[in-house]
Amino acid sequence: MRRIRANAIAILTVAWILGTFYYLWQDNKPQTSSSGGHGGQKVVPGRLEIHRDDRTIPLIQQGQLLGGFDEKAYLAAKQLKPGDDPYREHAFNLQESDRLGSERAIRDTRHYRCASLNYDTDLPSTSIIITFHNEARSTLLRTIKSVLMRSPPSLIQEIILIDDFSSDSEDCQLLSQIPKVRCLRNGRREGLIRSRVRGASTASASILTFLDSHCEVNADWLQPMIQRVKEDHTRVVSPIIDVISLDNFAYLAASADLRGGFDWSLHFKWEQIPIEQKMARSDPTQAIRTPVIAGGIFVMDKSWFNHLGQYDTHMDIWGGENFELSFRVWMCGGSLEILPCSRVGHVFRKRHPYDFPEGNALTYIKNTRRAAEVWMDEYKQYYYSARPSAQGKAFGSIADRLTLRRKLNCKPFRWYMENVYPELRVPEQEAVSSVLRQGGLCLETRGTDTLGLAECRGIGAIRPQSQTYSCCFLFVCFSLSLCVQKWKPKGPALQHMVSGLCLDSQTPMGPLVITQCRPQMASQSWEPQIIT
Ligand code: LR7
Ligand code: MN
């Protein structure tokens, strides 16, 4: 008996070892890009779709890629000290980033049809512009190396780094030993807007490509964007922005069904492509029109950038410039697109790792006020009602920008509302609205991103907008930009579109959760109540 048991254990052990080896081998096996079906998707709440098939893209091995640059010394000079909080300085896990090294294979997250597209052989080259303030060396270097390794060399004219007065000037300086990399250092902190303008003004290529300093570009990321801009220089294009986890630096595919949107407080959010547009999309490689871009990663013709007035250089540090640019591009004769066949990973963070000399809130208000005052015409009143604290705050003179708008003969904001972003409802139209009710209690926001049940008061309550709820629900809110929580009715229940789970109150007054749908349960039953 004991003998039989021992044999059984031995056989099981061998089988387990073989199984493990097979699994690892499968995992490392290079797979052709055409083999990737999209079956078997695992879905994570929010905007992420993780595809099961592990297509990884090999890095182009290029011997002399870095020239005389001593990568080891560069990275070793700035290491996390034992005991230091790995999140403190950069608001992401520095230890993980350092451990990854400067190059790694990442999964090709594009739709499989993208791999068989062809691009012109005579595409123009581009100047890559990366501005940074105290970026971690490992993320910055990975950004640069991913560009050099995953772009056709002929398309990269140069990489212009603008060091926005980082504490250590060597972060940037040393990198200029890499072929094609140039480094400009600001003599004082300027913020990302003026830094980008400085970079753009010294660019020598006819096309500008902007990147954040903590990105990893994916396979063939550049060709689709340059192609679209070459065909029509008034297009401003951006990739799908994949997510690099701030905790473990996993590279996660973002949904291909999103575009950029905002609410009246000028708060950026990802949102689902309107259903009619989605239905009309027969080709998943087609460009997606977007009302606004996220702001950090885009390609634009240099003459068009200059013609349209670059950026509003009176905006400081961070924020708002993406609205200003987006309104300007649409209203002054251009268009904005997201190209699904171009993918770039970005480390999304929950907080700013750097200081704002004038304070974060005041800076955001100044910048968005400037965008609203110059571009939003009579619609700016909705901005002020959504952000009452903006009233009376200083925003400087906008005379130059108004002159620019007149000179370019740009269309009114009403045109933008009607033709580009009709889904953005003006508050009046929602005057008759409803709140969600369960028993005697109403769904209510607590702070900016949590929900709870409370006595029905009608104020601060969640209002359904055309059956989907776009506010940042619940706890899966990594950052403003990841607030994509869409819901649809399932009987009396409210189902989260991405995860398929339902909103549940568990216990009255307790926190809300999302869990398996059981629409017949009282804790998942919500009824709209009309308020005026
Ligand atoms: O004072 C500063 N000087 C800088 O050079 C502050 C920042 N920066 C640099 C910084 O090092 C980084 O490389 O500017 C870049 C952007 O700053 P982040 O990474 O702190 O910004 P973000 O990723 O949180 O914010 C998004 O919105 C910003 C609004 O001003 C910019 O447009 C960012 O470029 C933009 N990032 C993206 O669009 C990437 C996708 C994220 C989303 C949504
Ligand atoms: Mn960023």
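A nonpolar core is defined here as a set of buried Ala, Val, Leu, Ile, Met, Phe, Trp, Tyr and Cys residues joined through side-chain atoms within 4.5 Å, where buried denotes under 20% relative accessible area, exposed over 50%, and partly exposed the range in between (1.4 Å probe, protein chains only). In the largest nonpolar core, which has 105 residues, Ile159, Leu175, Leu211, Phe327 and Tyr416 touch the most other members. A second, separate core comprises 10 residues, including Leu436, Leu443, Leu453 and Ile514. The model is predicted, with local features requiring pLDDT of at least 70 and side-chain atom pairs counted only at pLDDT 80 or more, whereas totals for chains, interfaces and linings use all residues. Residues are numbered from 1 along each chain as its sequence is written, chains are lettered from A and ligands numbered from 1 in the order in which they are written, and side-chain values use heavy atoms, with hydrogens and water left out.

The chain contains 14 helices and 24 strands, taken as DSSP runs (H or I of at least four residues for helices, E of at least two for strands) numbered from the N terminus. Of its 532 residues, 53% are buried. Contact means heavy atoms within 4.5 Å; among contacts between residues at least 6 apart in sequence, 73% join residues at least 24 apart. With residues up to four places away in sequence not counted, Leu211 touches Ile128, Ile129, Ile130, Thr131, Thr143, Val147, Val217, Trp221, Gly296, Ile297 and Val344.

The manganese ion (ligand 2) has as protein donors Asp212 (OD), His214 (NE2) and His346 (NE2), lying 2.2 Å from the ion. Donors are N, O and S atoms within 2.8 Å of the metal (3.2 Å for Na, K and Ca); water is not among the atoms, so sites may look incomplete. The sequence spacing of the donor residues is D-x1-H-x131-H. His214 has a relative accessible area of 6% and is therefore buried.

Voids were located on a 1 Å grid over the protein atoms alone: a cavity is a set of points where a 1.4 Å probe fits but cannot get out, a pocket is an open set with protein on both sides within 12 Å along at least five of seven lines, and lining residues have an atom within 4 Å of a point. Grid points are joined across faces, edges and corners, and a volume is the space filled by probe spheres set on the points. The whole structure holds 3 cavities of 30 Å³ or more, and the largest cavity encloses about 50 Å³. Its lining includes Ser238, Trp270, Thr290 and Ile338, and by class divides into 7 nonpolar, 4 polar and no charged residues. In this classification Ala, Val, Leu, Ile, Met, Phe, Trp, Tyr, Cys and Pro count as nonpolar, Asp, Glu, Lys and Arg as charged, and the others, Gly among them, as polar.

The second largest pocket has a volume of about 360 Å³. Of the 21 residues lining this pocket, Lys78, Gln79, Glu89, His90 and Leu94 lie nearest its centre. Helices α3 (94-100) and α4 (137-150) are the elements that give two or more residues to the lining, which has 5 nonpolar, 5 polar and 11 charged residues.

Trp304 is placed in helix α9 (residues 302-307) and, at 7% relative accessibility, counts as buried. Arg518, in the loop between β23 (513-515) and β24 (527-531), counts as partly exposed at 31% relative accessibility.
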